[in-house]
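Trainee: Please select one helix of this model and take me closely through its surroundings. I should like to know which elements it packs against and which enclosed space it borders.

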Amino acid sequence: MLDRRLIANFDWGIVGLTLLITAIGIITIFSATRGLDSQNIPFYIKQILWTLLGIAGMLFVVSIDYRTIAKHAYLLYGIGIFLLVLVLFVGRAGMGAQRWISAGSFSFQPSEFARLFFILALSKYLSENKDSGVYSIKELIIPAIFFLIIPSLLVIKQPDLGTGMAFLFTFFVMTTVAGLKVKALTILISIGILSVPFLSETLWSQLKEYQRNRIIAFFQPDTDPLGIGYHITQSKIAIGSGQFFGKGYLSGTQGYLRFLPERHTDFIFSVFAEEWGFIGCIILFAIYLFLIFMGIEVALKSKDHLGCIMAVGIISTFSLYTFINIGMTLGIAPIVGIPLPFMSYGGSSMLTNFISIGLLLNIKMRRFQLFY
């Protein structure tokens with residue numbers, strides 16, 4: 001329940017920045033998709049509906065103490081794993097991957113919800129098993145198997161390499177913050193470096209042909225600009241043509257004339273950069289950084305281990321998605337199908353991101369409650 005003291009600690013700054021990015025995303029989606037098939041509901045209208053549902057989800061999460069939510073974390077995690085298994089058998093395929101479950105005219109992407117349930121479950125495990133002190137490698141074997149290897153393999157099987165990378169990165173950050181012995185941290189980093197050749201070969205064999213081509217295009221973007229390098233080539237053209245001040249809203253051509261593939265999802269930043277230029281990109285990047293710093297502040301000022309680890313998990317995933325998405329549109333990161341938070345079109349991503357923001361607000365609002 002919310003009382004006056006909790007409402008007084010509601011962070012309007014986090015909400016304001018979130019809604020600002022979302023609004024920028026909606027008007028960019030409108031620009032990128034105008035002129036498409038008018039018989040269907042326009043993408044920007046769908047995005048507005050997903051935003052309203054996301055805000056409702058955020059407020060619902062805020063109203064429940066995050067420690068109460070954490071009590072059900074393992075159940076939610078189990079549901080997430082079940083959905084990841086289910087999508088392998090009855091999932092809807094699209095763009096070379098089988099990532100969605102359809103229920104009538106409604107469909108959703110289980111991996112988006114699974115990555116949030118993973119953060120909740122791992123936060124609960126790390127906070128309950130060692131409130132203080134540090135973890136050894138031996139103590140991390142069980143959580144690594146249940147909270148990292150199982151969901152990662154299921155997601156990569158779809159295949160969804162980007163989300164698989166998010167699980168690995170978030171697990172490493174959360175366990176490091178929870179407390180790792182220096183020896184354990186050294187061993188983990190060494191294992192990571194030494195296993196690169198083996199993992200690369202294993203993952204390479206599991207990838208679809210289009211995913212292999214994306215990685216080849218990342219390292220050799222100029223070898224086939226009209227084939228495997230088409231996405232990144234068109235993205236660079238769009239971003240570069242925006243120059244310093246941009247072409248102006250609704251004046252971009254790469255997206256509107258359909259040269260740029262997936263312009264309302266993975267490459268929404270390229271559309272924005274073409275219309276708003278370098279100045280617009282700097283402002284947008286600053287907004288994202290402010291939101292990330294405010295999330296870090298929530299983690300630093302959290303008064304319990306659970307809230308701190310949970311906030312770190314949320315903000316590390318958010319940061320990874322932001323930097324990788326922008327990086328892949330600039331050609332400095334491989335194209336792995338990661339959406340730009342609050343800007344890329346997609347209901348599952350929007351709902352998950354707003355619920356994550358709700359958890360951050362929840363943790364900050366209740367940090368004083370321990371002293372009441």
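Mentor: What follows looks at one helix, first through its two packing partners and then through a cavity beside it.

The model is predicted, so local features need pLDDT of at least 70 and side-chain atom pairs count only at pLDDT 80 or more, while totals for chains, interfaces and linings use all residues. Residues are numbered from 1 along each chain as its sequence is written, and side-chain values use heavy atoms, with hydrogens and water left out.

The helix in question is H6, residues 110–129; helices (H or I, at least four residues) are DSSP runs numbered from the N terminus, as are strands (E, at least two).

One partner is helix H5, residues 73–90, whose axis lies 8 Å from that of H6 at an angle of about 145 degrees. Axes here are lines fitted to C-alpha atoms, for helices over the stretch in contact, and angles run from 0 to 180 degrees between N-to-C directions. The crossing of H5 with H6 is left-handed; the near helix is then turned anticlockwise from the far one by less than a right angle, whereas clockwise gives a right-handed crossing. In contact (heavy atoms within 4.5 Å), H5 supplies Ala 73, Tyr 74, Leu 76, Tyr 77, Gly 80, Leu 83, Leu 84 and Val 87. From H6 they meet residues including Pro 110, Phe 117, Leu 120, Ala 121, Lys 124, Tyr 125 and Glu 128. This contact holds 14 nonpolar, two polar and two charged residues, where Ala, Val, Leu, Ile, Met, Phe, Trp, Tyr, Cys and Pro count as nonpolar, Asp, Glu, Lys and Arg as charged, and the others, Gly among them, as polar.

Another partner is helix H8, residues 161–179; its axis comes within 11 Å of the H6 axis, and the two cross at roughly 15 degrees. H6 and H8 are therefore roughly parallel, a term for angles under 35 degrees, with over 145 counting as roughly antiparallel, 65 to 115 as roughly perpendicular and the rest as oblique. H6 passes H8 in a right-handed crossing. Among the H6 residues that meet H8 are Arg 115, Ile 119, Leu 122, Ser 123 and Leu 126, and the H8 side includes Phe 167, Phe 171 and Met 174. Nine nonpolar, five polar and one charged residues make up this contact. Ser 111, Ala 114 and Phe 118 of H6 appear in the contacts with both H5 and H8.

H6 also borders the largest cavity, together with helix H14 (305–330) and helix H15 (347–365); these are the elements that give two or more residues to its lining. On a 1 Å grid over the protein atoms alone, a cavity is a set of points where a 1.4 Å probe fits but cannot get out, and lining residues have an atom within 4 Å of a point. There are five cavities of 30 Å³ or more, and the largest has about 100 Å³ of space; grid points are joined across faces, edges and corners, and a volume is the space filled by probe spheres set on the points. Its lining includes Arg 115, Leu 116 and Ile 119, along with Phe 318, Phe 342 and Asn 353. Eight nonpolar, three polar and one charged residues form that lining. Arg 115 and Ile 119 thus belong both to the contact with H8 and to the cavity lining.

Note on methods
1 Å grid on protein atoms, 1.4 Å probe; cavity = no way out; pocket = protein on both sides within 12 Å on 5 of 7 lines; lining within 4 Å.
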